[in-house]
Amino acid sequence: MYCVKCGVELADTENKCPLCGTSVYHPDIAREKAEPTYPAYVKGREKMRPQGVLFILTILCLMPIAITLFCDLYFGNGLTWAGYPIGGIILFYSIFILPSWFYRPNPVIFCPISFGVLGVFLLYVNFQTEGDWFLTFAFPILVFVALLVCTVVTLLRYTRRGRLYIAGGTFIAVGVLCVVIEFFMNITFLDRMIFDFFWSIIPLIACFLAGMMLIIIAIARPLRESLKKRFFI
Ligand SMILES: [Zn+2]
């Protein structure tokens with residue numbers, strides 16, 4: 001036997017190298033008698049949490065909020081235009097920066113939060129501009145999109161298989177979304193009959209066909225295998 005570290009010759013009875021103190025592993029001696037050749041405690045990899053960067057980003061978001069608030073209140077007559085940039089900054093913060101404060105942020109939780117903040121912002125813009133488009137246009141479409149995105153995000157996170165079904169279903173839902181958008185546009189903005197669909201039928205048909213194609217590929221296993229071979233997916 002030779003020491004793995006310094007190469008000195010060792011007697012079979014030695015547990016440690018007499019020269020450098022390195023533990024000796026004897027393949028012939030039972031493991032209990034020899035000292036383990038690895039350290040008893042392995043220090044776990046430290047989790048990187050970019051708290052400092054997030055803190056700076058938070059300050060960078062708070063600064064323009066404070067400045068716009070000050071300018072609007074000081075030079076204008078009360079709160080007039082500052083709500084738009086402040087709302088935009090809050091929206092940006094809640095979508096991109098807020099989740100990063102958490103270790104492994106769960107999109108299933110942060111998706112509805114983002115849509116909620118967006119809804120409140122749109123409601124504010126609606127009131128501020130004295131519009132009447134929130135309840136009959138923005139809100140129903142926002143709810144539809146939020147439900148669609150949250151469902152897809154939840155399915156992608158908690159199911160391992162069936163991605164083709166999810167993609168197919170998403171295509172069909174986007175097609176339906178076009179019809180929903182035109183329906184609420186007819187109600188809110190246009191002087192038309194509410195079921196007078198003009199453009200949304202075309203994307204509906206296209207999305208429906210694409211979605212059904214994906215679902216059929218997902219159902220038909222031989223077809224899927226041959227496509228995989230042909231396109232090297
Ligand atoms: Zn040694």
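These legends accompany close-up views of a predicted model.

**View 1. Four cysteines hold the zinc ion.**
Let's start at the metal, where the protein donors are the SG atoms of Cys3, Cys6, Cys17 and Cys20, lying 2.1 to 2.4 Å from the zinc ion. The angles among the four donor atoms run from 101 to 115°, and the site is tetrahedral. For comparison, the ideal angle for four tetrahedral donors is 109.5 degrees. If you follow the donor residues along the sequence, you will find the spacing C-x2-C-x10-C-x2-C. Cysteine 6 and cysteine 20 both lie in the segment before helix H1 (51-75), so this pair ties together parts that are 14 residues apart in sequence.

**View 2. Two of the zinc donors, seen from the side of accessibility.**
Are cysteine 6 and cysteine 20 buried, exposed or partly exposed? Cysteine 6 has 36% relative accessibility and so counts as partly exposed. Cysteine 20, at 32% relative accessibility, also counts as partly exposed.

**View 3. Cysteine 150 and its closest cysteine sulfur.**
Here the cysteine sulfur closest to that of cysteine 150 belongs to cysteine 111. Why is no bond assigned to this pair? The two sulfurs are 4.3 Å apart, which is too far for a bond, since a disulfide requires a pair of cysteine sulfur atoms within 2.5 Å. By this rule the count of disulfides comes to zero. Cysteine 150 itself counts as buried because its relative accessibility is 15%.

**View 4. Cysteine 207 in helix H6.**
Next, look at helix H6 (residues 201-219), where cysteine 207 has its place. With 14% relative accessibility, cysteine 207 counts as buried. Phenylalanine 171 is 36 residues away from cysteine 207 in sequence, yet the C-alpha atoms of the two are 5.2 Å apart in space.

**View 5. The largest pocket and its lining.**
The last view turns to the largest pocket, which holds about 230 Å³ of space. Its lining is made up of Arg161, Gly162, Arg163, Leu164, Tyr165, Ala218, Arg221, Arg224, Glu225 and Lys228. Sorted by character, the lining residues comprise six charged, three nonpolar and one polar. Which helices each supply at least two residues of this lining? They are helix H5 (163-188) and helix H7 (221-231). H7 gives the most to the lining of the largest pocket, with four residues.

Technical notes: Residues are numbered from 1 along each chain as its sequence is written. This is a predicted model: local features need pLDDT of at least 70, side-chain atom pairs count only at pLDDT 80 or more; totals for chains, interfaces and linings use all residues. Side-chain values use heavy atoms; hydrogens and water are left out. Buried means under 20% relative accessible area, exposed over 50%, partly exposed in between (1.4 Å probe, protein chains only). On a 1 Å grid over the protein atoms alone, a cavity is a set of points where a 1.4 Å probe fits but cannot get out, and a pocket is an open set with protein on both sides within 12 Å along at least five of seven lines; lining residues have an atom within 4 Å of a point. Grid points are joined across faces, edges and corners, and a volume is the space filled by probe spheres set on the points. Ala, Val, Leu, Ile, Met, Phe, Trp, Tyr, Cys and Pro count as nonpolar, Asp, Glu, Lys and Arg as charged, and the others, Gly among them, as polar. Donors are N, O and S atoms within 2.8 Å of the metal (3.2 Å for Na, K and Ca); water is not among the atoms, so sites may look incomplete. Four donors count as tetrahedral if all angles lie between 85 and 135 degrees; four count as square planar and six as octahedral if opposite donors are over 155 degrees apart and all others between 65 and 115; anything else is irregular.
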